[in-house]
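Welcome to this tour! Open the structure in your viewer, keep the selection panel handy, and follow the stops below.

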Amino acid sequence: MDLLEYQGKQLFKQFGIPVSEGRLATTPAEARAAAEELGTQVVVKAQVLTGGRGKAGGVKRAEDPADAEQKAKDMIGLDIRGHVVEKLWIEEASDIAKEYYLSITFDRGAKQPLFMFTMQGGVEIEDVAANDPDALIRLHVDALEGYQPWIARRLVYGAGVEDPGEQKQLADIIGKLYRCFVECDAMLTEINPLIVTPDGVVKALDSKFTVDDSALYRHPDIAEFRDPGAADPFEAFAREKGVTYVKLDGSVGILGNGAGLSMSTVDVVVVAGGKPANFCDLGGGGNAEGVVDALEVITRDPQVKSVFFNIFGGITRCDEVARGILEALDRMKIEIPIVVRLDGTNAEEGRQILADAALPNVHVSPTMLEAAKKAVELAA
Amino acid sequence: MAIIVDLDTRLVVQGLTGSEGRFHGLRNRAYGTNLVAGVTPGKGGQDVEGVPVFDTVAEAVAEAGANTSLIFVPARFAPDAIYEAVDAGIGTVICITEHIPAHEMLRVYTYSRPKGVTLIGPNCPGVLSPGKANVGIIPAEVFAPGSIGLVSRSGTLTYQIGYEVAQRGLGNSTIVGIGGDPVVGSSFIDVLERFEADPETKYVVLVGEIGGDEEEKAARYVAEHMSKPVFSYIAGFSAPPGKTMGHAGAIISGSSGTAAAKKDALEAVGIKVGTTPTEVAELVVAAARN
């Protein structure tokens, strides 16, 4: 789960990482009120889950509360790389003397958290890594040893920070960020830029924060950050129904059992010359209840013109799945064509059950590729 | 021979008295796996269809001689269950549980790895050596014994490929589901190393998917260390970046972890990559018949 800037900063604040004062606003009037309350010059910042908002006009300094209101008016509804701005973070403006970069990522390849720190912040970190790799200090942490103060020394001295006041503040922030990373079950915590003000104060001017979905059960406060309105409406509906679903942009609806087979089904539709409308994993079973929920989610998308139902029967036998499909279709009205491929345990019986039912919009295909071709043809 | 599970496997199921543990544990036993014990804290002294249940894994080891553990306990208790198995001296721990927090698995991995324990999973279907032992939830009836080793991050996709191999009259030495999480106990390389050393395995099929760089690392390993032919299939060519595709680990982060990059890395070292699950089955079967 990705967090918005202000949500990440709220967590930073809880862990004692210095951030600027700010207020959330969803209307121009709220933006004005926030600026008045803060009583300083403010920056109006669009809260969207994408990078590059500065260039897209999503970060603007306001001279006074009236200006903040105007800037908010311009910004709300703005489309930034496909994300429509609905929330603004109104923050005390900061003077910037230097911009650093600090992050911790969950390095799944190395199976260790990875610190990255450089004095060349405020730009894309990939550019620093490519153009001046020596300026970027990378350091893995042993998950059992955890954070030790030497880690901060390696990062700060390694990157060439010379000011003792900065060194001290950075060491403190580095230790706190690690605690925040571990205790929030983060997959990524990034501060870019981590600024130094002209009077030598180090603070986080931005935040990028991703939390492990599997750990949300022990972070109810973070789970509450999820904004159903911000997600794709079809994905939000799927979440409500407990269906594993990702919206894609085509016309062939896809339903498979198991993550790997479902991904593979999406690929095979492309191989067959079609455009998949979604990824949807039915999970291990194939009971009518699960099928109804999944079909409801898939067919809610008006772009869907056919559905490719791809099942491999293992412990769940294909005849049971076939009965589940029939029961599901009995309980809901679907007029678009459905192409079913059943393979594995009792596949023959399953196909026979579907053939006997002779539903006009249900087509049975023996192989994955043939079924994909049929579904693509019917969606055209 | 085969790898990881075989006729010497003495299985304890942690969570045998739960519905999943009971169903699959007894299924594994019906297949011929030597199920010697179950563990459920507070239910020591009971039995499940004649299988003795103990309060702790240590007792299952001491009294029933368990050497392999299969874990079915819910995600929030699963890390504890893995630690318990490792500390009780179990040599092979197979964890089916899905949704264990990644940070927990990082610590479990860092702890258990230096102890030399074989940890498979979590979020995996288990390990099957056809004709010898089945430990987990793999539908053994769709596989046949043979010389093709199969290692995969996915369950049903593996079943599909194994089934197609069996339909063509060949079979598998061992099927290993390493799991779909970002941090799993055994990597592709760990399993490839064992297949290379296993005299029964003549060919290997590696089934990967988007996310991480384990397939790329496996490609380098195959080029440098393997004499046996390896074939591959990768799922997720059409997956959009930043979206979790069913498995917690199946996510393209930025531009890393794409299916295309994995396919390129595998093909660069001469591994044939099938476009569909059927095609990879055909490729390995054709090689085995020659």
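Start by selecting domain 1 of chain A and domain 2 of chain A: their centres, taken over C-alpha atoms, are 26 Å apart. To colour them, use residues 21–92 for domain 1 and 98–223 for domain 2, and give another colour to domain 3 of chain A, residues 233–379. Keep in mind as you go that this is a predicted model.

**Stop two: a helix in chain A**

Now select residues 5–14 of chain A, which form helix α1. Is this helix largely enclosed, or open to the outside? Seven of its ten residues are buried, under 20% relative accessible area, so α1 of chain A is largely enclosed by the rest of the structure. To see the buried residues, show A:E5, A:Y6, A:Q7, A:G8 and A:K9, then add A:L11 and A:F12. Next, step along to A:G16, which follows α1(A) and has a positive phi, near 85 degrees.

**Stop three: the two domains of chain B**

Move to chain B and colour residues 1–123 as domain 1 and residues 143–290 as domain 2. Between the centres of these two domains of chain B, taken over C-alpha atoms, there are 25 Å. How many residues are in contact here? On the domain 1 side of chain B there are 17, and they touch 21 residues of domain 2 of chain B.

The size of an interface is often given as the accessible area lost when the parts come together. For domain 1 and domain 2 of chain B, the buried area is about 1600 Å², and carbon and sulfur atoms give 53% of it. Select B:M1, B:I3 and B:N123 next: these three supply 35% of the area that domain 1 of chain B buries against domain 2, more than any other three residues.

**Stop four: a close look at the interface**

Which side chains meet in a salt bridge? Show B:D190 and B:R113, whose side chains do so at 2.9 Å, N to O. Across the interface of domain 1 and domain 2 of chain B, one salt bridge is found, along with nine residue pairs in polar contact.

Finally, highlight α4 (102–112) and β7 (118–120) of chain B, each of which supplies at least two residues of the domain 1 side that touches domain 2. The largest share of that side, four residues, comes from α4(B). Colour the domain 1 side of this chain B interface by class, and you will find twelve nonpolar, three polar and two charged residues.

Note on methods
Residues are numbered from 1 along each chain as its sequence is written. Chains are lettered from A and ligands numbered from 1 in the order in which they are written. This is a predicted model: local features need pLDDT of at least 70, side-chain atom pairs count only at pLDDT 80 or more; totals for chains, interfaces and linings use all residues. Side-chain values use heavy atoms; hydrogens and water are left out. Buried means under 20% relative accessible area, exposed over 50%, partly exposed in between (1.4 Å probe, protein chains only). Domain bounds come from an automatic or database domain assignment. Contact means heavy atoms within 4.5 Å. Buried area is the accessible area (1.4 Å probe) that two parts lose on being put together, summed over both. A salt bridge is a side-chain nitrogen of Lys or Arg within 4 Å of a carboxyl oxygen of Asp or Glu. A polar contact is a pair of N or O atoms within 3.5 Å; within protein, one must be able to donate a hydrogen and the other to accept it, and residues adjacent in sequence count only if both atoms are side-chain atoms. Ala, Val, Leu, Ile, Met, Phe, Trp, Tyr, Cys and Pro count as nonpolar, Asp, Glu, Lys and Arg as charged, and the others, Gly among them, as polar.
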